[in-house]
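Got your viewer open and a cartoon view ready? Keep the selection box handy, and we'll walk through this one stop at a time.

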Amino acid sequence: MRNVINLNRDWRFVQEDAGLPKELPLEWLQINLPHTWNAIDGHDGNGSYDRGKYWYAKSFPTPKQPLAGGRVYVEILAAGQQATVYVNGSEVIYHEGGYSIFRADITDQCKEEGDNLLVVACSNENKSSVYPQSADFTFYGGLYRGVNLISVPEVHFDLEHYGGSGLQVTPKPCESGGATFEMESWVANGDENFTVMYSVKDADGKEVGSAVRPADDTKATVYVPDVNRWEIDSPYLYTVTATLQRRNEAYDEVSARVGVRSFSCDPDKGFIINGVETPLRGVSRHQDQLYKGNALTKEDHYEDAKIIKELGANTIRLAHYQHSQDFYDACDELGFVVWAEIPFISVMNPDLEAHQNCISQMKELIIQNYNHPSICFWGISNEILIGGISDKLVENHKELNALCKKLDPTRLTTIAHVSMTPVESPVHHITDTESYNHYFGWYGGKMEDNGPWLDHFHEVHPDICLGLSEYGCEGIITYHGPNPACKDYSEEYQALYHEHMAKVLDERPWMWSSHVWNMFDFGCAARDEGGVSGRNNKGLVTMDRKTKKDSYYVYQAYWSKEPMVHLCGRRYAQRAGETTEIRVYSNQPSVTLYLNGKLVEEKSADKVFVFRAALEDGQNIVVACAGDQKDSMTLEKVEKEPSIYVLPEVNERAEGVANWFKLAGDLDLKAPMEFPEGKYSIKDKIEEIAKSQEAMDIVVQAIKITMNMKVVPGEGMWDMMKAMTLEKIGGMAGSLAPEGFMESLNAKLIKIDKV
C-alpha cells in the first residue's frame, strides 16, 4: 500500500547560489519546512526583497518496498517560483510556477542502502516564461508548503499527471433526491489482474454506494438515493475511495471528500445554489502572514478560514494563484463558495512560452483541485488590460476558457477586469461570468460612483452575469479623526467606505458575487504609502491577524446570522471637542448607548447606528446594548488630539496641489488641450516620458500629489504602470485630480521636446 512520508524536518538551506552539493552541507543553515527566505523582507518596508536562486538539501533513507518493483516519488507541494530537483546528483525534474504540486519518480536515483541526498534549487527570480510577471504582491521564494516522499507498489494510481491525485469524482444531484457519483481513476502499470473498487461513504462512515471496474477501464457511475446536499450553511461531505485490488490484496488507495450540489448564475437572479438564489458576498484572500510570509502551517490556513467564517462571508476569491490544499479543504468543510484562479495578472507577456506556462498552471489548478466542492469558479485572469490589449490577448483568453471547459465542464469560468476596461470591449462575453475591480472612492472618483456604474453596465449588458471582484481602501489603525476623507488612510474613512459599499451590494442581489479587497493586509514590498511601506493595508484585519478593523464589523452586521453589536472608534481613544460621534454596527433592530452609566439614546436603524455624545473630562466608559449583545470601550476627552492620528502626507498633499497651480502661473486651464508633434503630453505612456528626466520629474510630482503614489523607473509599481498613459491614469484618479489639473499637466509637458 501507499506510504506518504513527510520530509519537512531537518533541512539545510543557503541563501546564495552555492551550486549543487555532493554531500549534505552541514555548514548550511538548519531549517524546517514550510520555509521562505522572504518571511521578513517580503513586507518589512525596505523597498525591495531578495529575489534569487537558493538551495535546500536533505538526506533521507530509501523507503523499504514490501513488493518487488515498487516506486518512490518526491512530492513538492509548492516552490516559489521555479525549482530544479536533484537526487544523489541527478536532476529529476524542473518545474515552472510557484503555487502548485509537482512530483517526480526518483526510484532509479535512490540507493539500495544508506542515505540519499535530496537537493532543491529554488528561484523567485523574474523569468519571462513564468507568471506572475508583474503584480501588486510579493512573490515569495522557497519551499513554503512542504515536501513528501510517496512510496507505492509498481502498479498504483497515477502520480505524474499534472500533480493530480489520480482520482476524479463528479457528483450530480438528481430530481429524485438522490445523486449520481461519476468516478474515474488512472492506474499506472496495471494489467488484467487488477481491478478498481469504488466506495462512497457518508459523513458517518457508512457505505452508501460502490462499484468495481477493471484497471484498464476505470470509469464508473454510482447512484446514491436520498443524498444530503452540500450547502453553504450545511456543507455535507461524502468520502469516495478508490482501492486498487489484485485478487485478495489491496495495492494502492486514494480518496477524496466531495459534495453534492448544483449551482448556476443568472444576470438578474445572481448566484443560485441547489435551486436557491443566494448572492455571494465575501472577501479575497492572500496566503501570507506577518513575518511568516507565505510559509503557513495547516493551522494557520484553518485559522484564516475561521476568521472569515466569523465575518459571515459565504464566498472567498483565492487570489491570485493556486492556494494550499489545506485552505481548499477548510473551505469544503466550512461552506465557502470559492473562486480559484491562476496568476495571469496585470501584464501579458507575448512570449509563447509564457502562454504555455498559463496553460500548464491552469491544468494544474483544475486537475489538482477538481474534487473540492467549494470551488465553483475558475478564474482565467486578473486586471490583464493594465498592460494593454491585443488580438493575441483576446485569443489567449478564449483558449484558456476553452481549456477550462474541456477539463471541467461542470464549473463556471470568470474573469476580473481592471476598472478602466471599457463597457464595450472584446474581453467581454468570453467567460461564463464577469467581475470588475473598482476602487471608486479610493484611487479615483467617489464611493457614490459605484452603484450607478454597476447599474449602467447591467443595463448595457443585460445578458452578462456581473460581479465586483475587488473593491476597498487602505485603513491604518493609527490614523483617526472627526472628519474622515479619501486618502487620509484613517480607520474611520475605511469604515465609512465599506458602510457605503455594503449597502450598495445589499441593494443589488442580482450581482452574482462581491469580494472585498482584502480580508487581511498582505505583503507588497514595492508599496510605500500611508506611512506603512511594504504592505497593502486594505485588509479588514491586520496582517498579524491580531486586530479586526472597524470595517470588519460592517460586514459582520450585514452578513452574519449571529446577533452582534460593535462600537466603532475604540482606537480613536483620545478625542477633543464638546461632543463626539459614536458609530455602532449591529444586525439587531435597535441599539441603546450608555455613557458613564447614563442613558444617551436608543436608536432604530439598519446596520449602522450614529450617536452624538458629550464626553466628560478624563476617561469615559461607553456601552452599546442590542438585545442580549453588549460592547464597551473607553474614551478620553482631551484638549488636543495626538498628532500621530493624522498622516503628515494629508496636509502635504493639499499644499502640493496649491503649489502646483501656483507654479502653473498664467496657463489657460480652460483652453482646449493641444498635443503638438515632437512634444510630450498626457497621451504618452510613462515609459516613454521616462526617457526625459525633466518630463519624468513633472510626472512623478503629479502622481504623488494626486494619488499619493511614488513612481520610480525600475522600482516599486513601475512594471504595472509603465505601459499606462497619463490620460488613463488621470481617468483613474477622477476627482483626486482637481479641476484643471490634467490640463495644467499637459501644458507643462508640451513644452518639453521628446527624447
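How are α1 and α7 oriented to each other? Keep that in mind while you load things up, and remember that this is a predicted model.

**Stop 1: α1 and α7**

Select residues 298–311 for α1 and 550–559 for α7. The axes of α1 and α7 come within 8 Å, crossing at roughly 60 degrees. Angles under 35 degrees would count as roughly parallel and 65 to 115 as roughly perpendicular, so α1 and α7 are oblique to each other. Now show side chains: Ile 307, Glu 310 and Leu 311 come from α1, and they meet Tyr 552, Tyr 555, Gln 556 and Trp 559 of α7. Colour this contact by class and you should get five nonpolar residues, one polar and one charged.

**Stop 2: from α7 over to α6**

Leave α7 on and add α6, residues 491–506. Here the two axes come within 8 Å and cross at roughly 20 degrees. That angle makes α6 roughly parallel to α7. On the α6 side, pick out Glu 491, Gln 494, Ala 495, His 498, Glu 499, Met 501, Ala 502, Lys 503 and Asp 506; facing them from α7 are Asp 550, Ser 551, Val 554, Tyr 555 and Tyr 558. By class, this contact holds six nonpolar, three polar and five charged residues. As for handedness, the crossing of α6 and α7 is right-handed. Notice Tyr 555 again: this α7 residue touches α6 and also meets α1.

**Stop 3: back to α1, now with α2**

Hide α6 and bring up α2, residues 325–334. The α1 and α2 axes come within 9 Å and cross at roughly 35 degrees, and the crossing is right-handed. From α1, select Lys 298, His 301, Tyr 302, Asp 304, Ala 305, Lys 306, Ile 308 and Lys 309; their partners in α2 are Asp 326, Phe 327, Asp 329, Ala 330, Glu 333 and Leu 334. Try colouring by class here too: six of these residues are nonpolar, one is polar and seven are charged.

**Stop 4: the largest pocket**

Stay with α2, since it supplies at least two residues of the largest pocket's lining. Turn on a surface and look for about 1,100 Å³ of space. Which residues lie nearest the centre of the largest pocket? Select Glu 75, Leu 77, Ile 101, Gln 325 and Asp 329, out of a lining of 41 residues. Asp 329 is also one of the α2 residues that meet α1.

Other elements that each give at least two lining residues are β1 (3–6), β10 (147–152), β19 (249–258) and α3 (352–369). β19 has the largest share, with five residues. Coloured by class, the lining shows 13 nonpolar, 18 polar and 10 charged residues.

**Stop 5: backbone oddities**

Switch to sticks for the last few picks. Most residues other than glycine have a negative phi, and most peptide bonds are trans.

- Arg 247 has a positive phi, near 50 degrees; find this residue in the loop between β18 (238–246) and β19.
- Ala 319 and His 320 are joined by a cis peptide bond, with omega about -20 degrees. His 320 is in the loop that runs between β24 (315–318) and α2.
- Trp 517 to Asn 518 is also a cis peptide bond, with omega near 15 degrees. Look for Asn 518 in the loop between β30 (513–516) and β31 (522–529).

Methods
Residues numbered from 1 in each chain as written. Predicted model: local features only at pLDDT ≥ 70, side-chain atom pairs only at ≥ 80, totals over all residues. Heavy atoms only, no water. 1 Å grid on protein atoms, 1.4 Å probe; cavity = no way out; pocket = protein on both sides within 12 Å on 5 of 7 lines; lining within 4 Å. Points joined across faces, edges and corners; volume = space filled by probe spheres on them. Helix = DSSP H or I, 4+ residues; strand = E, 2+ residues; numbered from the N terminus. Nonpolar A, V, L, I, M, F, W, Y, C, P; charged D, E, K, R; others polar. Axes fitted to C-alpha atoms, helices over the stretch in contact; angles between N-to-C directions. Parallel < 35°, antiparallel > 145°, perpendicular 65-115°, else oblique. Left-handed = near helix turned anticlockwise from the far one by under 90°. Contact = heavy atoms within 4.5 Å.
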